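Biologist: I would like a close look at a single part of this model, taken slowly and in connected prose.

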Amino acid sequence: VTARRIDLGAERLIKVHAVASVVALLIGAIAAVLLVLTRWQAVHLLPAVWYYRILGVHGMSMLIFFIIFFEMAVLFFASTALLNARNSAPKTSWIAFALMLAGALVVEVMMWSGRADVLFTSYVPLRADPNFYLGVILFAVGSLVTVAIFFANLVVARREKTYEGSVPLVVYGAMTAAIIAVITLLHGAAIYIPTYLWSLGLMEVDPQVYRMIWWGLGHSSQQINVAAMVAIWYMLGALTIGAVVLNEKISRSAFVLYILFISMASAHHLLVDPGMGPAWKVVNTSYFMYMAVLASMIHGFTVPAGMELGMRLRGFTNGMFDWLRRAPWGDPGFSSLVFSLVVFGFVGGITGVIIGTEQINIMVHNTLRVPGHFHATVVSGTAMAFMGATYYLIPLIFRKKVAFWRGAQVQPYLFATGMLIFTLSMTFAGSFGVPRRHWDITFSQAPFELQFSPVVDLVLAVVALGGVLAATGAFLFVAIAVKSVFFGEPLGTITRGVAMVGVPAGITHPPVHAPDVDARNAALHRAELGVFGPAPATIVLVFVFLAAFVLYYFVNWKALTDIWRIG
Amino acid sequence: MHIETHTGLDAPRGVWWKPAHKSEKVWVGIAFAWCMVLFAMMPLWHWKGGQNPSGIRTRTTPQAFGTRVGEFIAQYQTGSDRGMPIVTPPPGSDVYLAAVSFQWFPIVRLQKNVEYTLHLSSLDVNHGFSLYPINVNFQIVPGYDYGLRVTPNASGDFRIMCNEFCGIGHHTMIGRVIVEDGPLSASASGAAR
């Protein structure tokens, strides 16, 4: 990878998008601390108005600005650096970035000044200042242009023959993310333009139609994250331990399943809505018979199996789990990859499918189980993978050493531990029916008293503890990224095999395969190994995953039978 | 010499549509079968299960629904609690409950083990119906009447929280549902808790 040529213009674009992304992350993380310290009833930090205001800021800054700016950086990286190609439209790229930045600034100003106290979802007929909607539109148009430039870059690279054969799997995954981004951003246009006109008093918007199309943006944008994250899993596996692609056909087909089905997830938010019937809900919430879940379960196998095989091909062939024990756990790229994969799968994936089941959603809708789920996917999964990728982008793209190296090595552990505590305790609190987006569950100002179990108070304190830990991890990441990029030590000469402070092991000790790798691969695939095949440990792990999934799924159905009969 | 084994960062040359190893095929098969189970459970629960969010779904307007709730209160009011009417509809009848920032009205008294059709709608913005402590949640959207056939399975003094952000007073929006073993008297018990 280090041998690849990098287009200087593209490098600057990657840099500004990454910087904008990290600034948004910083704002979102500060907001997160204020929010968890408010939901912890014993502290109850913010007054009501500021709680809801900051909650909106947190949602927009994290789910839209942090994530999408980073994804645009990934698209430039994948379509130039990974293909040895040039950026085909430098001027337009800067205009698109300017639009995104302007849109983000307008939205932030509207929210902080109290002219858009409508939360992230801005459900009509709650009304914000028209400029709030306009800001979102500007941001969406800018991103759409960047996605178009990504596709143009792919075409130009192919025509100029900058690579031989098919695009690498990682680029294929980024392309999947880009296609889903188009679908998502079109939903965004389809809802925010009418809503902008509505806010000016020029037309009507039906609240139920708003919810359906808005979630075509709101949920599908999280599916851009899933595709981008899986692409980064393949990338970090390759960079850190020489993970190989087991079978291109299987992995690429799984990406195609994402494109075909994953945008149906708008329905996850409408399962207990009055506007849609059961047939619509069942077909859509299941991504047409769970075909996108199938895709994730495939990647959940092929990513760790490719990692295991990569290690075994490089000689770590002892026993079942020796390869995992001897993996580079001090490389923040590797530890981020593993935590992202595990928490996304075991917590985010399992809870997501279960709470997205039509009937089970009756016990879940708008409780804390919902943010418990999506912090396990988008934060512990996507954001964690993006952070891991950044530890490699800093030396590879910015040619700088990673600052505060010891901190960088600890950061994934801190962030993952915090998020795990946070997501599990939030899910647990939600099982008691504790609402999300709620300033005061002691209901001190309400006309009728309501007292949750004291257990809930304790659990919300644990939520705050996990949240503060994770936010500390995020602040550490921001400090590392900013220090490295702006004030970092230049990379200098790397001697292979000599460890260097501030440089991940995957760069000082590149996990290259021996020239006889094909023969080794054939030996690990030999028939007498049976169904366990080349990656036996992965087989064990995926069955542990499946057992957890099946158990929690049926526990939820059992719990459902205890409530009132409803039909 | 060209090497076949490659990472996700390498461009595969030639045809990459090749047969997969048995282990991969088996996992894809198992995952597919599990997805079919996940899918089948939902129609199955509609057929055999007791908790489905189907309801009787009709369009309404905030004005029309508000009027209907007013008639419902006038017809069956049996008392009041802190200024909020307590309404005791006949067992098995239609019940009308309105959400408006930041109130649920009226308070309804229901009989245990009797099926009612509970009509929910909003007179202004989106609200969230969340029944405490049994954790039953429905979205309430203005312009839509969600008529849920519900059968309370235990008596008690329940609360309705709002769990969809509806404005700055969102966290004060609490309502009451009273379920009694029955038969229900016309007098307003339930005023005291």
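At what angle do the axes of helix H3 (residues 90–112) of chain A and H4(A) cross, and within what distance do they come?

Modeller: Bearing in mind that this is a predicted model, the axes of H3(A) and H4(A) cross at roughly 155 degrees and come within 7 Å. Because angles over 145 degrees count as roughly antiparallel, H3(A) and H4(A) are described as roughly antiparallel to each other, and the crossing in which H3(A) passes H4(A) is left-handed. On the H3(A) side the contact includes A:Ala96, A:Leu99, A:Met100, A:Gly103, A:Ala104, A:Val107 and A:Met111, while the residues they meet in H4(A) include A:Phe132, A:Gly135, A:Val136, A:Phe139, A:Gly142, A:Thr146 and A:Ile149. Taken by class, the residues of this contact between H3(A) and H4(A) comprise 15 nonpolar and eight polar, with no charged ones. A general point helps in reading such lists: an α-helix has 3.6 residues a turn, so residues three or four places apart point the same way.

Turning to H4(A) itself, this helix of chain A covers residues 130–159, and its 30 residues reach 44 Å from the first C-alpha to the last, which is close to the 44 Å expected at 1.5 Å a residue. The N-terminal end of H4(A) is capped by A:Asp129, whose side chain places an oxygen 2.9 Å from the backbone nitrogen of A:Asn131, and A:Asn131 is also one of the H4(A) residues that meet H3(A). Beyond the other end, just after H4(A), A:Lys161 takes a positive phi of about 50 degrees.

Technical notes: Residues are numbered from 1 along each chain as its sequence is written. Chains are lettered from A and ligands numbered from 1 in the order in which they are written. This is a predicted model: local features need pLDDT of at least 70, side-chain atom pairs count only at pLDDT 80 or more; totals for chains, interfaces and linings use all residues. Side-chain values use heavy atoms; hydrogens and water are left out. Helices (H or I, at least four residues) and strands (E, at least two) are DSSP runs, numbered from the N terminus. The expected span of a helix is 1.5 Å times one less than its number of residues. A polar contact is a pair of N or O atoms within 3.5 Å; within protein, one must be able to donate a hydrogen and the other to accept it, and residues adjacent in sequence count only if both atoms are side-chain atoms. Axes are lines fitted to C-alpha atoms, for helices over the stretch in contact, and angles run from 0 to 180 degrees between N-to-C directions. Angles under 35 degrees count as roughly parallel, over 145 as roughly antiparallel, 65 to 115 as roughly perpendicular and the rest as oblique. A crossing is left-handed if the near helix is turned anticlockwise from the far one by less than a right angle, and right-handed if clockwise. Contact means heavy atoms within 4.5 Å. Ala, Val, Leu, Ile, Met, Phe, Trp, Tyr, Cys and Pro count as nonpolar, Asp, Glu, Lys and Arg as charged, and the others, Gly among them, as polar.
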